[in-house]
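Dear colleague,

I am handing over a structure to you with this message, and below it you will find my notes on what turned up when I went through it. Please read them alongside the coordinates.

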Amino acid sequence: MAASRLPPGALSLKQFLRRQQVLQLYRKILRAIREVPAEADRCYLKDWAREEFRRNKDATEEDAIRMMITRGNMQLQELQRTLRLAKS
């Protein structure tokens with residue numbers, strides 16, 4: 001059997017794709033937060049998002065990560081819905 005050319009500690013394809021999903025979600029959340037009209041609310045939400053992602057950065061269990069991504073997407077949709085309602 002041939003030895004792997006990947007350095008130890010390299011991400012598998014599945015881990016790499018999951019990481020990309022997490023980063024994409026983080027960026028979308030930060031972009032949505034930029035649309036919040038009140039500066040104090042923007043700062044609070046930005047700090048909240050950073051802390052949530054920082055707190056879960058060492059998660060390795062696949063099911064838990066998928067659940068967190070799903071929950072994050074639902075929270076993002078709720079924020080976007082609230083912003084749309086506030087503008088109308």
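**Contacts around R18**

Setting aside its neighbours within four places in sequence, R18 is in contact with E62, I65, R66 and I69. Please bear in mind throughout that this is a predicted model. R18 itself is found in helix α1, and it counts as buried because its relative accessibility is 18%, where the cut-off for buried is under 20%. Two polar contacts of its side chain are worth a look: one, of 2.6 Å, is made with the side chain of Q21, and another, of 2.7 Å, joins the side chain of R18 to that of E62.

**Helix α1 and what covers it**

Helix α1 takes in residues 13-34, and its 22 residues should span 32 Å at 1.5 Å a residue, which agrees with the 32 Å between its end C-alpha atoms. The buried residues of this helix are R18, L25, I29, A32 and I33. Seen down the axis of α1, these buried residues fall within an arc of 105 degrees, so they line one face of the helix. On the other side of α1, L13 and R34 are exposed. What, then, covers the buried residues of α1? The cover includes α2, residues 39-55, and α3, residues 62-87.

**Helix α3**

The 26 residues of α3 give a similar check on length, since at 1.5 Å a residue they should span 38 Å, and the end C-alpha atoms are indeed 38 Å apart. Buried in this helix are I65, I69, G72, L76, L79 and L83, and the buried residues of α3 pack against α1 and α2. Two of these buried residues, I65 and I69, also appear among the contacts of R18 described above.

**Salt bridges**

The structure holds six salt bridges, and I describe some of them here. E35 forms a salt bridge with K87, in which the closest N and O atoms are 3.4 Å apart. Because E35 lies in the loop between α1 and α2 while K87 lies in helix α3, this pair ties together parts that are 52 residues apart in sequence. As for their surroundings, E35 counts as partly exposed at 45% relative accessibility, whereas K87 is exposed, with a relative accessible area of 62%.

Another of the salt bridges joins the side chains of D63 and R66, at 2.2 Å from N to O. D63 and R66 both lie in helix α3, three residues apart, which is about one turn of the helix. An α-helix has 3.6 residues a turn, so residues three or four places apart point the same way. D63 is partly exposed, with a relative accessible area of 47%, and R66 counts as partly exposed as well, at 38% relative accessibility. R66 is also one of the residues in contact with R18.

The side chains of E78 and R81 likewise meet in a salt bridge, here at 3.3 Å from N to O. Being three residues apart in helix α3, E78 and R81 are separated by about one helical turn. E78 is partly exposed, with a relative accessible area of 43%, and R81 is partly exposed too, with a relative accessible area of 39%.

**Helix α2 and two distances**

D41 is found in helix α2 and is partly exposed, with a relative accessible area of 43%. D41 and S12 are 29 residues apart in sequence, and their C-alpha atoms are 38 Å apart in space. R50 also lies in helix α2, where it is partly exposed, with a relative accessible area of 35%. The C-alpha atoms of R50 and M68, which are 18 residues apart along the chain, are separated by 14 Å.

**The annotated domain**

Finally, an unreviewed UniProt entry carries the annotation "domain: Complex 1 LYR protein", which covers residues 20-78. In the model that span is 83% helix and 0% strand, and its end C-alpha atoms lie 22 Å apart.

With kind regards

Definitions and conventions
Residues are numbered from 1 along each chain as its sequence is written. This is a predicted model: local features need pLDDT of at least 70, side-chain atom pairs count only at pLDDT 80 or more; totals for chains, interfaces and linings use all residues. Side-chain values use heavy atoms; hydrogens and water are left out. UniProt positions are given in the numbering used here, feature names are shortened, and annotations may be inferred rather than shown by experiment. Helices (H or I, at least four residues) and strands (E, at least two) are DSSP runs, numbered from the N terminus. The expected span of a helix is 1.5 Å times one less than its number of residues. Buried means under 20% relative accessible area, exposed over 50%, partly exposed in between (1.4 Å probe, protein chains only). The arc is that of the directions from the helix axis to the C-beta atoms. Contact means heavy atoms within 4.5 Å. A salt bridge is a side-chain nitrogen of Lys or Arg within 4 Å of a carboxyl oxygen of Asp or Glu. A polar contact is a pair of N or O atoms within 3.5 Å; within protein, one must be able to donate a hydrogen and the other to accept it, and residues adjacent in sequence count only if both atoms are side-chain atoms.
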